[in-house]
Amino acid sequence: MSRSALVGNVTAMLEDAEFVVSDRCAIRPKSFDVAARRSDDLLLVKILGNIDAFNEETGHEMRRLGTYLHATPLVIGLRSRDEDLKPDVVYFRHGVPVLSPDTAYNLFIEGVPPLIYAAPGGLYVNIDGDLLADEREDRDWSLGRLANELGVSRRTVSKYEDGMNASVEVAMALQELFDAPLTSPVDVLEGADDVHESESTPADPEADPDDEKVVAVLTRAGYQVHPTVRSPFKAVSEDEDDSDVVLTGHSKFTKAAEKRARIMSSIGRVTRTRSIYVVDRAKRESVDGTALVEREELEQLRDADELRDVIRERSEREEAA
């Protein structure tokens with residue numbers, strides 16, 4: 001299957017699952033392909049045939065964007081090396097959860113979350129430690145008795161009851177012993193933090209030297225500016241006093257810039273953010289809701305309130321036209 005067909009299939013699946021999906025980010029560089037929202041669940045989705053193509057730089061960018069946009073970064077892919085991804089298993093690449101299309105279908109369409117995740121050494125599941133302890137005590141089994149049944153140490157059983165995860169083989173043995181499910185699903189939409197201990201959000205990259213003046217103006221206006229390196233926009237700018245988030249672009253106004261502005265508008269409608277594109281000269285006020293602001297004009301804005309007013313007025317005037 002071509003990557004274009006795979007992106008189309010995944011997008012259609014998300015729409016069938018009642019997600020609102022952005023236009024595809026058909027411009028390079030790009031850290032994700034589409035943004036998708038269903039109620040309060042926001043996804044930034046990268047779609048790949050081979051997930052080995054997902055590199056560390058892209059993973060770090062997606063995790064940063066997930067933090068700034070309150071979204072779950074997610075990779076949906078078919079295979080790794082020469083092996084197809086297993087259904088109903090969550091994998092990880094550079095701190096980002098990875099699902100096969102079948103796993104994503106079961107999660108988003110069928111409402112059946114995965115129970116298994118891959119980690120160094122094999123496949124694992126979450127054990128409900130409290131439920132395991134209750135089942136063991138109901139049978140009047142000691143830690144040693146259960147340890148003997150499982151072929152592990154007493155200390156290991158104690159760790160299971162304290163919340164340590166277990167291999168698939170141990171989970172199956174527990175289910176057979178107690179004739180009851182003792183596992184809990186992997187919460188992919190929360191970043192799967194309960195099973196994957198990743199480092200804190202990677203630090204922001206340095207701003208492009210061509211963007212430093214724009215960053216300085218936005219910072220002076222009261223925004224915290226987070227530069228990007230692999231996104232359709234140059235930065236995510238946050239107004240700390242108002243929880244206002246603005247996708248920010250900057251370049252000469254060319255056909256490529258217009259395309260980026262349209263993609264930013266589509267992403268903004270899904271992520272519930274506004275967008276601004278700073279240009280040297282502009283003959284129009286906006287592109288599909290992305291406000292165009294000349295650099296000299298931006299430098300004259302005194303604070304975040306004035307910038308918000310400009311963005312709102314220009315985007316709303318275009319929507320009303």
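Select R262 and E258 to begin: in this predicted model the two form a salt bridge, with the closest N and O atoms 2.8 Å apart, a salt bridge being a side-chain nitrogen of Lys or Arg within 4 Å of a carboxyl oxygen of Asp or Glu. Because R262 and E258 are four residues apart in helix α9 (residues 255-271), about one helical turn separates them; helices (H or I, at least four residues) and strands (E, at least two) are DSSP runs, numbered from the N terminus. E258 is buried at a relative accessible area of 14%, while R262 is partly exposed at 32%, where buried means under 20% relative accessible area, exposed over 50%, and partly exposed in between (1.4 Å probe, protein chains only).

Keep R262 selected and add D288, since the side chains of R262 and D288 also meet in a salt bridge (2.9 Å, N to O). This pair links distant parts of the chain, 26 residues apart, with R262 in helix α9 and D288 in the loop between β16 (286-287) and β17 (290-294). D288 is partly exposed, its relative accessible area being 34%. If you then add R284, you have a network of salt bridges that links E258, R262, R284 and D288.

The structure holds 18 salt bridges, and another one to select is that between the side chains of R230 and E57 (3.6 Å, N to O). R230 lies in the loop between β12 (223-227) and β13 (235-239) and E57 in helix α2 (residues 56-69), so this pair ties together parts that are 173 residues apart in sequence. R230 is partly exposed at 22% relative accessibility, and E57 is partly exposed at 41%.

Move next to R37 in strand β2, which is buried yet has no salt bridge, the nearest side chain of opposite charge being D40 at 4.9 Å. What does the side chain of R37 reach at 2.8 Å? It reaches the backbone oxygen of V270. Leaving aside neighbours within four places in sequence, R37 is in contact with several residues, including E18, F19 and T271, contact meaning heavy atoms within 4.5 Å.

Now select S315 in helix α11 (residues 304-320), which counts as buried at 3% relative accessibility. A polar contact of 3.3 Å joins the side chains of S315 and R274; such a contact is a pair of N or O atoms within 3.5 Å, in which, within protein, one must be able to donate a hydrogen and the other to accept it, and residues adjacent in sequence count only if both atoms are side-chain atoms. The side chain of S315 also reaches the backbone oxygen of I311, at 2.9 Å.

For two loop residues, select S39, found between β2 (34-38) and β3 (41-50), and then D88, between β5 (83-84) and β6 (89-93). Phi of S39 is near 60°, a positive value in a residue other than glycine, and the phi of D88 is likewise positive and near 60°. S39 is exposed at 55% relative accessible area, whereas D88 is partly exposed at 30%.

Finally, show the whole protein, whose secondary structure comes to eleven helices and 17 strands, and whose C-alpha trace spans about 75 × 40 × 35 Å along its principal axes. Buried residues make up 50% of its 321 residues.

Residues are numbered from 1 along each chain as its sequence is written, and side-chain values use heavy atoms, with hydrogens and water left out. For this predicted model, local features need pLDDT of at least 70 and side-chain atom pairs count only at pLDDT 80 or more, while totals for chains, interfaces and linings use all residues.

Conventions: Lys and Arg count as positive and Asp and Glu as negative; His and the chain ends are not counted.
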